[in-house]
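Open the structure in your viewer and keep the selection tool at hand. The tour goes from the whole chain to single side chains.

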Amino acid sequence: MTQEELDAMMSGDVDLDNIDDSVLDEAVENDEIVELDAVTKVPKEEQEDGHWPPPAPTDDNKMVHQLDDVTRESELKASEIFDIIEQIGDEMMNAESRMGDVSGVLAENVDVLATLHEKFPNIQTFQKMLERNKEAQDLTDSEIEMLQNSGDQIMNVMDIMQYQDIHRQKIERVINVMRALSKYMNTLFSSQKDDSSRVSSAVHIHGDDSTEEVMNNDDIEALLNSFGGK
């Protein structure tokens with residue numbers, strides 16, 4: 001890494017997110033910059049797993065908030081579906097009742113025409129009307145049977161929709177467990193001491209093996225100023 005490249009990086013004119021890691025590693029090996037992996041570099045395994053950076057705490061990423069939306073919308077849509085199914089079922093029952101009335105009238109027509117055809121076998125009109133009314137009666141009975149079968153299917157759909165409510169209850173149980181865990185963790189990590197009254201954490205404690213080369217804020221600032229002065 002040249003001095004110009006190093007000065008540009010220190011002044012903020014270089015996008016560190018897009019810079020080649022090999023360039024940074026070379027600069028670290030040449031003692032041109034101090035390696036601060038915890039701040040400037042993300043572990044490669046975390047990049048590959050997609051867990052870094054963590055999602056922002058927006059409403060879209062809040063798990064309980066999302067589950068609450070799912071259960072609320074699911075219950076609302078399920079209620080709308082039940083209302084539609086119930087309306088369809090009522091209309092089919094009314095249609096079946098009306099078709100039953102038509103079938104009754106056709107049955108009376110068949111009886112009358114059969115009597116007329118028996119008394120006046122030479123009159124072709126009675127025979128034709130008798131056959132047509134029988135066909136209409138058979139068609140009406142077939143439609144009534146179809147409506148009855150469809151009504152049974154509607155009832156099956158309503159039974160299946162009951163599982164949606166069971167799923168909603170399962171989700172609500174998960175929400176309750178998550179909320180209980182959240183409250184437990186908050187209680188577990190709570191303290192009577194306010195954070196503002198705490199001293200800052202030590203960078204290096206005697207006996208540490210991995211922090212001896214870590215620079216404090218004053219050292220880093222002095223290093224940056226020294227680069228900027230060249």
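Begin with the whole protein chain: of its 230 residues, 15% count as buried. Keep in mind that this is a predicted model. Now show the surface. The accessible surface of the protein chain comes to about 18100 Å², and carbon and sulfur atoms hold 52% of that area.

Switch to the cartoon view. The protein chain has seven helices and zero strands, so from the N terminus on every element you meet is an α, in the order α-α-α-α-α-α-α. Contacts can be shown next. Among those in the protein chain with a separation of 6 or more, 65% are between residues 24 or more positions apart.

Next, select residues 124-188, which make up helix α6. M185 is found in this helix. Is M185 buried, partly exposed or exposed? It counts as partly exposed, because its relative accessibility is 37% and that class lies between 20% and 50%.

Add Y184, L188 and F189 to the selection. Together with M185 they form a nonpolar patch on the surface. The accessible area of these residues together is about 470 Å².

Last, look for aromatic rings that pair. The structure holds one aromatic pair. Select F120 and F126, the two members of that pair. Their ring centres are 6.2 Å apart, with 50 degrees between the planes. The pair is tilted, because an angle that is neither under 30 degrees nor over 60 falls in that class. F120 has a relative accessible area of 41%, so this residue is partly exposed.

How values were computed. Residues are numbered from 1 along each chain as its sequence is written. This is a predicted model: local features need pLDDT of at least 70, side-chain atom pairs count only at pLDDT 80 or more; totals for chains, interfaces and linings use all residues. Side-chain values use heavy atoms; hydrogens and water are left out. Patches are made of residues with over 30% relative accessible area and no salt bridge: like charges are joined within 9 Å, nonpolar side chains (Val, Leu, Ile, Met, Phe, Trp, Tyr) within 5 Å. Accessible areas come from the Shrake-Rupley method with a 1.4 Å probe; for residues, only the protein chains shown count as cover. A salt bridge is a side-chain nitrogen of Lys or Arg within 4 Å of a carboxyl oxygen of Asp or Glu. Helices (H or I, at least four residues) and strands (E, at least two) are DSSP runs, numbered from the N terminus. Buried means under 20% relative accessible area, exposed over 50%, partly exposed in between (1.4 Å probe, protein chains only). Rings of Phe, Tyr and Trp (its six-membered ring) pair if their centres lie within 6.5 Å; planes under 30 degrees apart count as stacked, over 60 as edge-to-face and the rest as tilted. Contact means heavy atoms within 4.5 Å.
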